[in-house]
Amino acid sequence: MPVKVRHPIRLAVGLALACGLSVAAGQELTRAELAFVKSAAHLGHAEVEAAEVVLRKASEPQVRRLAEQMKRDHTTANEELKAWAAAQGVAVPAGPSPLQRARIRMLGALEASHLARRYVDEQGIDEHEEAIALYQRAAREARQRELKAYVERQLPVLRHHLEAARGVKAYLAGAARASAPSAPPPPATSAPAAGEPAASATPGTPPS
């Protein structure tokens, strides 16, 4: 005899909550779309929080401008994703993942000069390369029209962030080379006086 479920909608919501997402009855997002929404929300919040750390501690103008752009653009994207998800009956994560949060804490513990380089390498380049791959996959596979449009709007922004971060990394590398102490010049040798034989290249060998 089949088991009768008294509250199927409540059960479905409970299962969704166990996965970190609450799904309204009747919405038709696929499991892959829900997974993308969760990952995109985590990533967006991580970018905002990492940028805030940099803006509190870093002094390099180029790094600060990059962080300001990241914070502004990802805040806008987060709000747009949250509003879309609410219309679909999906509650998105309100912050970074535990792993992302741990990385941000480690970032904040660094000295300002090391923090700037780490931020550009990890959040600016590594995380954006992963984000672009995530969004490109969603652009190919997403079926929900508004979600696909959101993804396609965000991809150029992510690519711009990546190129900007690569530019800042190149600038920091050039600045580090310019400030590095140069090798001391070789000691000067005095020229022999007129009529004085030149010194032999081999010690102990008389001049010819």
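## A six-helix model, seen from its buried residues

Let's start with Tyr 119, which is found in helix H5. Helices here (H or I, at least four residues) and strands (E, at least two) are DSSP runs, numbered from the N terminus. This is a predicted model, in which local features need pLDDT of at least 70, side-chain atom pairs count only at pLDDT 80 or more, and totals for chains, interfaces and linings use all residues. Residues are numbered from 1 along each chain as its sequence is written, and side-chain values use heavy atoms, with hydrogens and water left out.

The protein holds six helices and zero strands, so from the N terminus on its elements read α-α-α-α-α-α. Of its 208 residues, 35% count as buried, where buried means under 20% relative accessible area, exposed over 50%, and partly exposed in between (1.4 Å probe, protein chains only). A contact means heavy atoms within 4.5 Å. Taking contacts between residues at least 6 apart in sequence, 75% join residues at least 24 apart.

**Tyr 119 and Met 70**

Back to Tyr 119: this residue is buried, with a relative accessible area of 0%. Leaving aside neighbours within four places in sequence, Tyr 119 is in contact with nine names worth looking up in the viewer: Ala 50, Ala 51, Val 54, Val 63, Leu 66, Ala 67, Met 70, Leu 107 and Gly 124.

Met 70 sits in helix H3 and is likewise buried, at a relative accessible area of 0%. Neighbours within four places aside, the contacts of Met 70 are Glu 47, Ala 51, Thr 75, Tyr 119, Gln 123, Gly 124, His 128 and His 161. Ala 51 therefore appears in the contact lists of both Met 70 and Tyr 119.

Three pairs show how residues far apart along the chain meet in space:

| Pair | Separation in sequence | C-alpha to C-alpha distance |
|---|---|---|
| Tyr 119 and Ala 51 | 68 residues | 8.3 Å |
| Met 70 and Leu 158 | 88 residues | 9.3 Å |
| Trp 84 and Tyr 150 | 66 residues | 9.0 Å |

**Trp 84**

Trp 84 also belongs to helix H3. At 11% relative accessibility, Trp 84 counts as buried. Not counting residues up to four places away in sequence, Trp 84 touches Leu 29, Val 37, Gln 144, Glu 146 and Leu 147.

**Helix H6 and its kink**

Helix H6 covers residues 145–179. At 1.5 Å a residue, its 35 residues should span 51 Å, and its end C-alpha atoms are 52 Å apart, which agrees; the expected span is 1.5 Å times one less than the number of residues. H6 does have a kink of about 25° at Gln 154, shortly before the proline Pro 156. The bend at a residue is the angle between axes fitted to the seven residues ending there and the seven starting there.

Among the buried residues of H6 are Leu 147, Tyr 150, Val 151, Gln 154, Leu 158, His 161, Leu 162 and Ala 165. An α-helix has 3.6 residues a turn, so residues three or four places apart point the same way. The buried residues of H6 pack against helix H2 (31–57), helix H3 (61–88) and helix H5 (112–141).

Gln 154 counts as buried at 10% relative accessibility. Residues up to four places away in sequence aside, Gln 154 touches Ala 77, Glu 80 and Tyr 135.

**The cavity**

A cavity is a set of points, on a 1 Å grid over the protein atoms alone, where a 1.4 Å probe fits but cannot get out, and lining residues have an atom within 4 Å of a point. The count comes to one cavity of 30 Å³ or more, with a volume of about 50 Å³; grid points are joined across faces, edges and corners, and a volume is the space filled by probe spheres set on the points.

Its lining includes Ala 40, His 74, Tyr 135, Tyr 150, Gln 154 and Leu 158. H2, H3 and H6 each supply at least two lining residues.

Note on methods:
1 Å grid on protein atoms, 1.4 Å probe; cavity = no way out; pocket = protein on both sides within 12 Å on 5 of 7 lines; lining within 4 Å.
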